Amino acid sequence: MLEQFLPFHLPTIGEDEIRSVTETLLSGWLTTGPKVRQFEEEFRKFISAAHAVAINSGTAALHLALDAVGIQQGDEVIVPTMTFASTAEVVQYLRARPVLAECQPDTLNLDPTQIEKLITPKTKAIMPVHFAGQPCEMDRILDVARRYDLKVIEDAAHALPARYRGQIVGKIGDITCFSFYATKTITTGEGGMITTNNPEWGDRMRMMSLHGISKDAWERYTAEGSWSYEILAPGYKYNMTDIAAAIGIEQLKKCNQFWAARCRIAARYDKGFADLPEIRRPLCRPDVDHAWHLYVIQLELDRLRISRNDFIEALKKEGIGTSVHFIPMHLHPYYRKTFGYRPEDLPVASAIFERIVSLPIYSRMSDSDVDRVIHAFRNMVTQYRR
Ligand SMILES: Cc1ncc(COP(=O)(O)O)c(C=O)c1O
């Protein structure tokens, strides 16, 4: 019998989320209201940060964070090339320039040794991305930031929950941005959260998330509220809905359980590939707790008679869904045309891109699902070994 296709990702949504959303739908309050406030408070406590602001995507979170620290036209912001579109594009929403930085060959995280040479008098911030859920070397990044008076906006879209030297990701840099996109450790369909210990930035991000007005709808339309409000800045429409927060509240309760499942899968993959020199397993540094949002292997192409793309196609025929994270920013047509990047400008990321494959890793996967992936990879390697 042909086995069912194993998708690259499936979210874990249960009766709790369904009940919570139904209650919200029947409550008469759909947009930003009590559920969002509750979700923010519970998330804030989870991170033990001073402020948490819920918004409608991780991308919006990054945009609001850059606005809050004062990034403006003509500024430069250092962004790793090994990231998703969002990290680099939000810089340009503010008419600033993303300066792409090289990654470490083993963790694929922003290489702290490569930051300093990119700094100019226009540089205002660094945006470390905790690639795959493994925290960047924050001590080294914060040290450069301190010496050059730069703000640090952490892109923690992959990094819930993750720890760096015992400290939970969410308040290590100046502002931290999380995503609740469908594939993330916890999801609200689309959504995000921003955490910071700085009250001024917290207030600014909350205000700018809803048109730059002084009060949100919950404060205006309830019995205690009044209709009056003031516009203090030209803001955005980035508020989270109560429907999304209703999912988020239930997902957050299971966050550690989802994370434990991801850790178990990563450990099973590690064991399953340990004896294969054709597959380089992801390196996990000893001073971090990895969120394992992604499990990214590197194919040792000189030991194989197959390209990464053909490898992925062959796996698909075996019923296994995989993906690639990421096509480095400097290889995309827009960044090549606009800023003149060439593949050889960031050679580590360019070379790694040819070899990476992201394996399925999500809490719904059973041990036999994981073993199926391991089996398919092992078969493929045996078949195409040089
Ligand atoms: C590294 C990184 N940053 C930011 C984002 C953007 O998050 P969202 O999809 O919630 O806007 C993503 C993708 O989801 C991502 O992978």
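Hi everyone, this is a quick look at the ligand site and the enclosed spaces in this structure. One thing up front: what we're looking at is a predicted model.

Let's start with the ligand. The space it takes up is the largest pocket. There are 16 residues around the ligand, and the ones that come nearest are Gly-58, Thr-59, Asp-155, Ser-179 and Lys-184.

So which side chains put a polar atom by a ligand oxygen? Here are three. Lys-184 has a polar side-chain atom 2.6 Å from an oxygen of the ligand. For Ser-179, a polar side-chain atom sits 2.7 Å from a ligand oxygen. And with His-158, a side-chain N or O atom is 2.8 Å from an oxygen of the ligand. On its own the ligand would expose 380 Å², and the protein buries 93% of that.

Okay, on to the cavities. How many of 30 Å³ or more does the structure hold? Two.

The largest has about 90 Å³ of space. It's lined by 13 residues, and closest to its centre are Pro-11, Thr-12, Lys-184, Thr-185 and Ser-363. That lining splits into five nonpolar, six polar and two charged residues. Domain 1 (15-253) and domain 2 (255-384) each supply at least three of them.

The second largest cavity comes in at about 40 Å³. Its lining includes Phe-180, Ile-186 and His-293, and by class it has five nonpolar, four polar and one charged residues.

Now look back at some names we've already met. His-158, Ser-179 and Lys-184 are among the residues lining that second cavity. Lys-184 also turned up by the centre of the largest cavity, and among the residues nearest the ligand. That's me done, thanks!

Definitions and conventions:
Residues are numbered from 1 along each chain as its sequence is written. This is a predicted model: local features need pLDDT of at least 70, side-chain atom pairs count only at pLDDT 80 or more; totals for chains, interfaces and linings use all residues. Side-chain values use heavy atoms; hydrogens and water are left out. On a 1 Å grid over the protein atoms alone, a cavity is a set of points where a 1.4 Å probe fits but cannot get out, and a pocket is an open set with protein on both sides within 12 Å along at least five of seven lines; lining residues have an atom within 4 Å of a point. Grid points are joined across faces, edges and corners, and a volume is the space filled by probe spheres set on the points. Ala, Val, Leu, Ile, Met, Phe, Trp, Tyr, Cys and Pro count as nonpolar, Asp, Glu, Lys and Arg as charged, and the others, Gly among them, as polar. Domain bounds come from an automatic or database domain assignment. A residue is near a molecule or strand if one of its heavy atoms lies within 4 Å of it. A polar contact is a pair of N or O atoms within 3.5 Å; within protein, one must be able to donate a hydrogen and the other to accept it, and residues adjacent in sequence count only if both atoms are side-chain atoms. Accessible areas come from the Shrake-Rupley method with a 1.4 Å probe; for residues, only the protein chains shown count as cover. A molecule sits in a cavity or pocket if more than half of its atoms lie within 2 Å of its grid points.
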